[in-house]
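Me: Could you take a close look at one part of this model, beginning at its surface and working inward, and explain how that part is tied to the rest of the chain? I would like one connected account that I can follow residue by residue.

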Amino acid sequence: STQMQIHLAEGGYVSLVVYDVLGQKIATLQEGYRPAGSYGVRWTATGAASGMYFARLVVTDDLGQIKYSEAGKLMLSK
């Protein structure tokens, strides 16, 4: 498992999803409205094979406009 930190300067609708190298969704870690603040999110990769994964964070406003987007690599080794 791994722990990720999300820091929101202002509230918004948060989507944090893990994808494999083929772009297939592996896990949805966060989805929904979050007020401003810091949050810890844990991905327990039970059932996932060793390899490279990507985590994508998207924060949108009430109208669905993207306020922030970021992607990062995750290396899983069992």
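Reply: A patch, in the sense used here, is built from residues with over 30% relative accessible area and no salt bridge, and nonpolar side chains are joined into one patch when they lie within 5 Å. With that in mind, and remembering that this is a predicted model, the place to begin is a nonpolar surface patch of about 310 Å², to which Val 21, Leu 22 and Phe 54 contribute.

Leu 22 sits in the loop that connects strand 2 with strand 3. Its relative accessible area is 69%, so Leu 22 is classed as exposed, the cut-off for that class being over 50%. The loop belongs to a hairpin of strand 2 and strand 3 with four residues between the strands, and there Gly 23 adopts a positive phi near 85°. On either side of this turn the two strands run antiparallel and are joined by eight bridges; one of the facing pairs sets Tyr 19 opposite Lys 25 of strand 3.

Strand 2, which covers residues 12-20, is also joined to strand 5, residues 51-60, by eight bridges, and here again the strands run antiparallel. Two facing pairs help to place this contact: Asp 20 has Tyr 53 of strand 5 as its bridge partner, while Ser 15 stands opposite Val 58, which is likewise in strand 5.

Strand 5 is the part that deserves the closest look. Seven of its 10 residues are buried, so the strand is largely enclosed by the rest of the structure. Arg 56, a residue of strand 5, has a relative accessible area of 39%, and is therefore partly exposed, since buried would require a value under 20%. The C-alpha atoms of Arg 56 and Ile 26 are separated by 11 Å, with their positions 30 residues apart along the chain.

Toward strand 6, Arg 56 stands opposite Ala 71, and strand 5 and strand 6 pair over 10 bridges in the antiparallel sense. These two strands form a second hairpin, in which five residues lie between the strands and Gly 64 in the turn has a positive phi of about 85°.

Taken together, these pairings give an open sheet of four strands in the order 3-2-5-6, with antiparallel pairing. The edges of the sheet are strand 3 (25-34) and strand 6 (66-76), each of which pairs on one side only. From one strand to the next, the twist averages 10°. As general background, strands of a sheet pair through backbone hydrogen bonds, either parallel or antiparallel.

What lies inside, and how much of it does strand 5 supply? The largest nonpolar core has 18 residues, and Leu 16, Leu 29 and Trp 43 are those with the most contacts inside it. Strand 1, strand 2, strand 3, strand 4 (37-43), strand 5 and strand 6 each contribute at least two residues to this core. Strand 5 gives the largest share, four residues.

Strand 6, the sheet neighbour of strand 5, takes part in another kind of contact as well. A search of the whole structure finds one salt bridge, and it joins Lys 67 to Glu 10, whose closest N and O atoms are 3.2 Å apart. The pair links distant parts of the chain, 57 residues apart, because Lys 67 belongs to strand 6 whereas Glu 10 lies in the loop between strand 1 and strand 2. Lys 67 has 34% relative accessibility, so this residue counts as partly exposed.

Ala 9 is found in that loop too, between strand 1 (2-8) and strand 2, and its relative accessibility of 81% is why Ala 9 counts as exposed. The C-alpha atom of Ala 9 is 5.4 Å from that of Ala 36, although the two residues are 27 residues apart along the chain.

Seen as a whole, the protein has six strands and zero helices, and its C-alpha atoms fill a box of roughly 40 × 25 × 15 Å along the principal axes. Of its 78 residues, 32% count as buried; strand 5, with seven of its 10 residues in that class, is largely enclosed.

Definitions and conventions
Residues numbered from 1 in each chain as written. Predicted model: local features only at pLDDT ≥ 70, side-chain atom pairs only at ≥ 80, totals over all residues. Heavy atoms only, no water. Pairing = 2+ DSSP bridges. Axes fitted to C-alpha atoms, helices over the stretch in contact; angles between N-to-C directions. Patch = residues over 30% accessible without salt bridge, like charges linked within 9 Å, V, L, I, M, F, W, Y side chains within 5 Å. Areas by Shrake-Rupley, 256 points an atom, 1.4 Å probe, with all protein chains shown as cover. Salt bridge = Lys/Arg side-chain N within 4 Å of Asp/Glu carboxyl O. Buried < 20%, exposed > 50% of the residue type's maximum accessible area, 1.4 Å probe, protein only. Core = buried A, V, L, I, M, F, W, Y, C linked by side-chain atoms within 4.5 Å.
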